[in-house]
Amino acid sequence: MFESLSEKLQRVFKDLRGQGKLSSENMEAALKEIRVALLEADVNFKVVKQFIANVREKAMGQDVLTALSPAQQVVKIVRDELTEILGSKHSKLQFASQPPTVVMVVGLQGSGKTTSTAKLARWLLKNSHSPQLVSVDVYRPAAREQLKVLAKQVGAGIYEGEPGMDKPLDLAVRARREAMDRGRDVLLVDTAGRLHIDDALMNELQQLKAQLNPTEILFVADAMTGQDAVKSAAEFHERLGITGVILTKLDGDARGGAALSIKYVTGQPLKFLGVGEKTEALEEFHPDRMAQRILGMGDVLSLIEKVEESIDQKQALEMQDKLLHNEFSLEDFRDQLIQVRKLGPLENILKMIPGMGDQLKGVKVDEKELTRIVAIINSMTPKERRNHMLINGSRRRRIARGSGSSVQEVNQLLKQYGQARKMMRSFSGMMGGPGGMPGGKMARRVQQLAKLGGGKLPF
Amino acid sequence: MIQTLFGSVPQEPTFFEKLQQGIRKTREGLTGKLEDLFAGKKVIDADLLDELEYVLIGADIGVRTTGEILESVKQKLDRKQLKEIDELRAVIREHLLEALRQPERPLPQVKQPPAVVMVIGVNGAGKTTSIGKLAARYKLEGHSVLLAAADTFRAAAIEQLEVWGQRTGCDVIRQKQGADPSAVVYDAIQAAIARKVDYIIVDTAGRLHTKDNLMAELEKITRTTRKLIPDAPHEVLLVLDGTTGQNGLEQAKRFTETAGATGIILTKLDGTAKGGVVVPIARELNLPIRYIGVGEKADDLLPFDATEFIHSIFKN
Ligand SMILES: Nc1nc2c(ncn2[C@@H]2O[C@H](COP(=O)(O)OP(=O)(O)OP(=O)(O)O)[C@@H](O)[C@H]2O)c(=O)[nH]1
Ligand SMILES: Nc1nc2c(ncn2[C@@H]2O[C@H](COP(=O)(O)OP(=O)(O)OP(=O)(O)O)[C@@H](O)[C@H]2O)c(=O)[nH]1
Ligand SMILES: [Mg+2]
Ligand SMILES: [Mg+2]
């Protein structure tokens, strides 16, 4: 089994923490682990080399040897460097001053072009645009039919072509005319998948570009792509001058190192992410989140946002206090469960917590189970909730009866609560304290998250 | 002679010719001149070992497997068991071959047709296209084939398979978009039995291995096939995109665990990706690579040949 990156980094940084100050030798050890981690995330070999060199230089330059918390420094430098390469901020879709704006969607076979085209159409409609679709994939069986079905689904206009019309250029030009006639302001051109080394088909794209003068040429890449991502992206960029990237299939567990490779070799921004097969599964790209993902630290930032939206900060801080003082009662346990549930589907939340992914592998979150647990805790007396040691056999039977569950279920809950307490204690030890995550505020947030993580772990 | 689910059959000459063309296409390809990593090198030095690491990792073999190979090379160098470039080449070939040779599992032999071949994998890997190619292949071997359109989810997936049915002269059993895939498979097997068809190939919707509900759907399809044919499916082919990186290992694990993959089709090797993730896959999961895909046409499917495959890793 591969050790997960967060586990690795935690080990490395624990080692560093143990040594107090960062020396050039122990930094090499950390960099070596980071190198391996990036390679396992499918970042291209050469890109990794360059990246590590940059980090090394920055770390040295910043006088980390005298820094108070070397581990914090290294995490921060690695993460910042990753974020910087990925793009300093979210990059928006560009529009032509003279409509219709033409957007060409290009890429290798099966990367997700047609689906992404439909997603873009939906996104444009939501943002008060009027997209016109056209598929110029005259090669793959039922490719045009596929876009037609999707266009209908999202309610976007599509030019379907005339019978016998089988030239990409003809289709595109006619579609643009139709867009103008109908006052549609964006023409989305879905092209056939092709290999970057297929000269004839790459030529075809160049001709389309010359004819259509597109504002955006979006390269659609599969997040699961390995080392070869640099070759295909570089070639597409060289032939076409791509203006942005859509990275798809991020709803899986691919770490998406290809994002870094592609950004590195093309210099073009990632504009959107595909996170599912449905047409609404399109997200804007956030470099900081992607950096976290590649590093394997979980999508901490978006979780933080969600937590901030729905969790009472004061309560969270109180909870943290209790945690540190080991006063986490069944009542708190219940409140945590209710809070966590407000955040949305539990599994999604869990996945975002760094270090939780692996511990939760195979653990199913059952919403019904959650309701039942809350019911059981509600059947306890306030005294019992505050001190679970009171709950003996006869009390257990009473609680079971009161909540309409079995004694085994009550036992099970008490066991889970015990585990949660233990979990949280270890989390607060790991994340808190001066050697933990960079920045006091960050550390506090992560702690809150960790707590939440602990809260639902037993399910 | 070529191996099929029904035993060995003599190879069709026309088919053999096509294989030859296909191999030529991948080997000489459109990639320009072919350079062997070792060509022109005289001594084994740190630079060469670095380059070797780059080649192996660059082929998606993975940092761990690559590390193990290099470690063993270094040990041999230290013990002076290895001096010549040719020996180095041989040692590395042997390592890779060992991993890839292990899982050579004979095909199960089907006494009573139809043989059920289920095709599974993540989104866009090349399942439907590979099914078209497989159908063409079985037909060339003189078998009758029925296709089951059990991807009832993706837009126009059924239509796509129907085009392949027309191209290869195979009937397609289909229901409406959104229908229960298991029901389609049940229909198809019944039809195959009634029509005394040799092969039935089941096209399934692409799914990420992390989606438990969709993985459970595959299990349900498998159970359905067993209701009608107890030892079905006879082959469960996992289609793996040749450009996939280390995620391929996780894919192979999960599809083997939940859907009982029995072999791999490695697609899109006509590009510049090497598909090296099959090395750790073969090693860890004992899962044989059955075919490689080298294009989008019906005859762009070749039987996997470990020696050829390793050869291609060292060509740029
Ligand atoms: N899980 C997931 N699947 C996706 C995503 N984007 C696309 N897909 C799926 O990936 C497969 C291929 O998508 P298409 O849109 O047909 O890809 P394409 O690039 O147009 O393919 P070709 O035209 O054949 O080259 C389909 O099964 C899609 O449903 C995504 O973000 N997540
Ligand atoms: N170059 C090349 N393209 C291939 C190969 N195999 C499949 N493709 C192309 O890859 C794209 C996706 O293939 P499909 O057969 O639709 O893939 P799939 O796995 O059925 O996709 P979903 O059903 O959407 O999950 C299509 O454009 C195919 O033509 C191959 O070996 N080489
Ligand atoms: Mg398409
Ligand atoms: Mg398909």
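A residue counts as buried if 20 or more other C-beta atoms lie within 10 Å of its own, with C-beta atoms placed from the backbone. By that cut-off, buried residues make up 51% of the 316 residues in chain B. The model is a predicted one.

**Chain B**

Chain B holds eleven helices and ten strands. Its contacts reach far along the sequence. Among those between residues at least 6 apart, 76% join residues at least 24 apart.

The domain assignment splits chain B in two. Domain 1 covers 2-6 + 109-305, and domain 2 covers 46-101. Their centres, taken over C-alpha atoms, are separated by 34 Å. Ten residues of domain 1 of chain B and eight residues of domain 2 of chain B make the contact. On the domain 1 side, four residues are nonpolar, four are polar and two are charged.

**Where the chains meet**

Chain B puts 32 residues in contact with 33 residues of chain A. On the chain B side, the elements that give two or more residues are α2 (46-58), α6 (157-168) and α9 (247-259). Helix α6(B) supplies the largest share, four residues. By class, this side of chain B has twelve nonpolar, 14 polar and six charged residues.

**The two ligand sites**

Ligand 1 is surrounded by residues from chains A and B, so its site is shared between chains. Ligand 2 likewise lies between chains A and B. The table sets out the two shells.

| Ligand | Residues around it | Closest residues | Classes in the shell | Largest share |
|---|---|---|---|---|
| Ligand 1 | 27 residues | Gly112(A), Gly193(A), Gly274(A), Asn123(B), Gly124(B) | six nonpolar, 14 polar, seven charged | three residues from α5 (residues 113-126) of chain A |
| Ligand 2 | 27 residues | Gln109(A), Gly110(A), Gly126(B), Gly206(B), Gly293(B) | six nonpolar, 13 polar, eight charged | three residues from α5 (residues 127-140) of chain B |

Which helix gives the largest share of the shell around ligand 1? Helix α5 of chain A does, with three residues. Around ligand 2, the largest share comes from helix α5 of chain B, again three residues.

**The sheet of chain A**

Eight strands of chain A form an open sheet. Their order is β3-β2-β4-β1-β5-β6-β7-β8, and the pairing is mixed. The edges are β3 (157-159) and β8 (282-284) of chain A, each pairing on one side only. Neighbouring strands are turned by 25° against each other on average, direction ignored.

One pair can be followed in detail. Strand β1 (residues 101-107) and strand β4 (residues 186-190) of chain A pair in the parallel sense over five bridges. Here Val105(A) stands opposite Asp190(A) in β4(A).

Helices pack on this sheet. Helix α6 (residues 143-154) of chain A touches β2 (131-135), β3 and β4 of chain A. Its direction makes about 160° with that of β2(A). Helix α8 (residues 199-212) of chain A touches β1, β4 and β5 (216-222) of chain A. The direction of α8(A) makes about 175° with that of β1(A).

**Two residues of chain A**

Thr225(A) sits in the loop between β5 and α9 (229-240) of chain A. Is Thr225(A) buried or exposed? Thr225(A) is buried, because 32 other C-beta atoms lie within 10 Å. Leaving aside neighbours within four places in sequence, Thr225(A) is in contact with residues of both chains: Asp42(A) and Ala258(A), and Thr243(B), Thr244(B) and Gly245(B). Thr225(A) and Ala254(A) are 29 residues apart in sequence and 8.8 Å apart in space, C-alpha to C-alpha.

Glu178(A) belongs to helix α7 (residues 168-181) of chain A. Glu178(A) has 18 C-beta neighbours inside 10 Å, so this residue counts as partly exposed. Not counting residues up to four places away in sequence, Glu178(A) touches Gln132(A) and Tyr159(A). Gln132(A) falls within the range of β2 (131-135) of chain A, and Tyr159(A) within that of edge strand β3 (157-159) of chain A. Between Glu178(A) and Val106(A) there are 22 Å in space, C-alpha to C-alpha, and the two are 72 residues apart in sequence.

How values were computed:
Residues numbered from 1 in each chain as written. Chains lettered and ligands numbered in written order. Predicted model: local features only at pLDDT ≥ 70, side-chain atom pairs only at ≥ 80, totals over all residues. Domains from an automatic or database assignment. Contact = placed C-beta atoms within 7 Å. Nonpolar A, V, L, I, M, F, W, Y, C, P; charged D, E, K, R; others polar. Near = placed C-beta within 6 Å. Buried ≥ 20, exposed ≤ 12 C-beta atoms within 10 Å, placed from the backbone. Pairing = 2+ DSSP bridges. Axes fitted to C-alpha atoms, helices over the stretch in contact; angles between N-to-C directions.
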